Amino acid sequence: MNIRKILVSQPEPTDPKSPYFDIAKKYGVDIVFRPFIHVEGVEAKDFRKQKIEFLNFTGVIFTSKVAIDHYFRLAEDMRVTIPDTMKYVCISESVAVYLQKYIVFRKRKIFFPTTGSKVTDMIDVAKKHKDENYLLPVSDISKNDVPDLLEAAKIKYTKAVLYNTVSSDLSDVNIKDFQALVFFSPQGIISLKHNFPEFQQGETVIGCFGPTTAKAAEEAGLRLDIQAPSKECPSMTMAIDKFISDHSK
């Protein structure tokens, strides 16, 4: 199997030491990065249909920088002034620091786990402030892991869909140029079918990261050739490296 060109459905890594670049150099393959999906903010008129008022909450739980952007975008669009007393629980320090783009960073109102960046770590932080009434900004395809844990911890919260994940326009991409396609979410598979309804896999190698992505590929009638994480290959790049190595012998 001669893989000459790989399409990775994510933005190009900013780190020059990314393993993707090592693979390209090691095997002489061309790796093209192109996001198959993107985020679009919910408009104020559509958000109002959710009947949620930002000022009814005393705290906000942020699981991403995207959520922060759209929270403050909507607040501005609706001419809502977020009070200085608002408390923020963030999934990681980097997300917490990102808040400086919109507010003055004060430790007394911004909280984040100092020992990890997992959802459970964030919930532990929220438990220390259980008296707050939290708003949880999410996308239209958000998982239930955070809400489930919040409910289990008996933390008062309300989900608010502030942004949607949609298929990107890939009309300038010739999918037949690639011998391998790599996906990281079920929405990426949906975008493939949306943009290339006539796509036939044939000998094209399909790689998927995560069980939900793999399931989406199989349900779409695709053959799964590369899957990560696994015990042997915990990362997508390791799985790609192994596949090329095994099939070039």
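Nine helices and eleven strands make up the secondary structure of the protein chain, as seen in a predicted model. Along the principal axes, the C-alpha atoms occupy a box of roughly 60 × 40 × 35 Å, and 45% of the 249 residues are buried. The accessible surface of the chain amounts to about 13,900 Å², with carbon and sulfur atoms contributing 50% of that area. Charged side chains number 34 positive and 32 negative, and the centres of these two sets are 5 Å apart. Of the contacts formed between residues at least 6 apart in sequence, 67% connect residues that are at least 24 apart.

An open sheet is built from six strands, arranged in the order β3-β8-β7-β4-β5-β6 with mixed pairing. The edge positions are taken by β3 (37–41) and β6, and because each of these has a single partner strand, one side of each remains without a neighbour in the sheet. Within the sheet, β7 and β8 (residues 157–167) run parallel and are joined by six bridges; one pairing places L135 opposite T158 of β8 as its bridge partner.

Helix α5 (residues 119–127) has V119, D121, M122, I123, V125 and A126 as buried residues. The buried residues of α5 pack against four strands of the sheet, namely β4 (59–62), β5 (87–90), β6 (110–111) and β7 (134–139), and also against helix α6 (145–152).

The largest nonpolar core comprises 45 residues, and those with the most contacts inside it are F47, F54, F62, Y71, F72, Y88 and L99. Helix α3 (residues 65–77) supplies the largest share of this core, with six residues. Another core, of 20 residues, lies apart from the largest one and includes F33, A180, V205 and C233.

The surroundings of L99 illustrate how the largest core draws on separate parts of the chain, since L99 is one of the residues with the most contacts inside that core. When neighbours within four places in sequence are set aside, the contacts of L99 are with F62, I68, F72, Y88, C90 and I110. Among these partners, I68 and F72 fall within the residue range of α3, whereas F62, Y88, C90 and I110 fall within the ranges of β4, β5 and β6.

Methods:
Residues are numbered from 1 along each chain as its sequence is written. This is a predicted model: local features need pLDDT of at least 70, side-chain atom pairs count only at pLDDT 80 or more; totals for chains, interfaces and linings use all residues. Side-chain values use heavy atoms; hydrogens and water are left out. Helices (H or I, at least four residues) and strands (E, at least two) are DSSP runs, numbered from the N terminus. Buried means under 20% relative accessible area, exposed over 50%, partly exposed in between (1.4 Å probe, protein chains only). Contact means heavy atoms within 4.5 Å. Accessible areas come from the Shrake-Rupley method with a 1.4 Å probe; for residues, only the protein chains shown count as cover. Lys and Arg count as positive and Asp and Glu as negative; His and the chain ends are not counted. The place of a charge is taken as NZ of Lys, CZ of Arg, CG of Asp or CD of Glu. A nonpolar core is a set of buried Ala, Val, Leu, Ile, Met, Phe, Trp, Tyr and Cys residues joined through side-chain atoms within 4.5 Å. Two strands pair if DSSP finds at least two bridges between them.
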